[in-house]
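Please look over the structure shown here before reading on; the notes below cover its nonpolar cores, one lysine and one helix.

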Amino acid sequence: MPPLSASGVDRRLFLSSLLGAAATAGLSGCAGSSAADTVAKGATSAPLANKVPSGTSLKISSYQGTQQLQFKLAGLTDLPFKVSSWANIGAGPDVINAFRAKSLDVANNAGIPPIQAHYQGFDAKIVAINLTRKPNYLFATKPGSDIRAVQDFKGKKLAFSQGQAQGVVLLRALKQAGLAYDDVELVPLTSNQFLTALQSGQVDIAPLANQQSPAYLKQYGPKGAHTIPTDVVDLLSLLWAPTSVLADKAKAAAVAAYIPRWAQGQVWAYEHPDDWNREFYVKTQNLTLAQAEAITELANKPLFPPSWDEAVKWEQETADLLAEGGFVKAFKVDSLFDRRFEGIAAKAVSADYRR
């Protein structure tokens with residue numbers, strides 16, 4: 001019989017509802033890997049090439065055009081490879097599906113999507129890490145709610161995406177508040193459904209990114225919606241790629257060349273908040289300058305660790321938390337990290353951004 005969640009939700013049905021047929025196919029393949037996967041795993045132990053071969057291209061995620069804009073404003077467009085497409089993909093489940101379809105080579109996500117991909121039987125590796133020391137999320141209530149603290153979540157309907165950072169933030173907050181999974185009702189949704197679910201009253205609470213809350217409160221604050229801050233952080237912001245991509249020596253070299261620009265672009269945005277507010281939040285996201293400034297005041301300082309030991313420990317804690325709830329099977333997360341890339345991001349930035 002399939003494992004059930006604390007609220008009685010069949011885990012496989014839960015995952016299928018979140019990720020669709022591709023996830024179900026992945027689950028059926030968890031028991032073993034194809035011969036091609038086995039070859040790819042061995043190939044990722046090869047040393048990285050010092051130069052990107054001519055003609056190499058990558059398909060890179062750039063949710064809401066963030067990456068291209070950072071590169072343009074920071075003067076980082078001199079990539080030694082071709083970008084065949086910038087994909088407007090950000091959510092972890094969407095990234096995994098794009099990886100499977102071979103329409104994406106490298107993506108920026110939080111720590112949970114690589115865990116979810118592993119559970120589905122899809123082999124991918126983490127290649128760069130940015131540590132997040134301050135909360136990137138808060139909890140938003142539906143209009144007219146009287147919920148004021150995480151302890152008040154008991155007996156409530158909570159928007160939950162087990163394949164995204166928002167899901168882990170919620171689970172960590174519940175554990176911190178001493179609430180068991182049986183104490184709440186976890187409603188399976190993806191993050192792009194959270195706002196609609198809140199507005200309609202389908203859920204009582206949803207974790208929103210800091211940059212989402214100003215617009216939500218502007219519209220629904222007068223109707224009694226509000227936010228509940230959390231001190232729970234989602235430590236990892238990372239780059240990752242399918243193992244099959246990293247087994248290609250040319251593409252692996254391109255990924256290694258992309259990582260420094262990725263790190264430097266984030267540093268530029270952090271050091272130029274006025275420019276970033278105007279060019280990104282105001283011009284592309286249609287926020288007011290005041291809303292943009294409120295978001296950047298909460299922004300995390302980019303921190304690229306020379307050693308990944310802390311990141312591995314955090315990822316293991318996250319995987320264990322998900323396993324405790326029956327959302328994934330327990331495993332050692334070391335296999336998710338391609339240590340050939342360790343330290344590349346840190347070397348590309350000044351000492352003030354290495355931690």
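Which residues is Phe153 in contact with, leaving aside its neighbours within four places in sequence? They are Phe139, Ile147, Leu158, Leu170, Leu174, Leu179, Asp183, Val184, Ile205 and Ile228, where contact means heavy atoms within 4.5 Å. This is a predicted model, in which local features need pLDDT of at least 70 and side-chain atom pairs count only at pLDDT 80 or more, while totals for chains, interfaces and linings use all residues. Residues are numbered from 1 along each chain as its sequence is written, and side-chain values use heavy atoms, with hydrogens and water left out.

**Nonpolar cores**
- The largest nonpolar core (buried Ala, Val, Leu, Ile, Met, Phe, Trp, Tyr and Cys residues joined through side-chain atoms within 4.5 Å) has 91 residues, and those with the most contacts inside it are Phe81, Phe153, Trp240 and Phe341.
- Helix α11, residues 249-271, gives this core its largest share, 11 residues; helices are DSSP runs of H or I with at least four residues, numbered from the N terminus.
- A second, separate core has 14 residues, including Val187, Phe194, Ala197 and Tyr216.

**Lys251**
- Lys251 lies in helix α11 and counts as buried because its relative accessibility is 18%, buried being under 20% relative accessible area with a 1.4 Å probe and protein chains only.
- Not counting residues up to four places away in sequence, Lys251 touches Thr56, Ser57, Leu58, Asp105 and Val245.

**Helix α6**
- Helix α6, residues 112-120, is mostly covered, with 8 of its 9 residues buried, among them Ile112, Pro113 and Tyr119.
- Just after α6, Gly121 takes a positive phi of about 90°.

Conventions: Buried means under 20% relative accessible area, exposed over 50%, partly exposed in between (1.4 Å probe, protein chains only). Helices (H or I, at least four residues) and strands (E, at least two) are DSSP runs, numbered from the N terminus.
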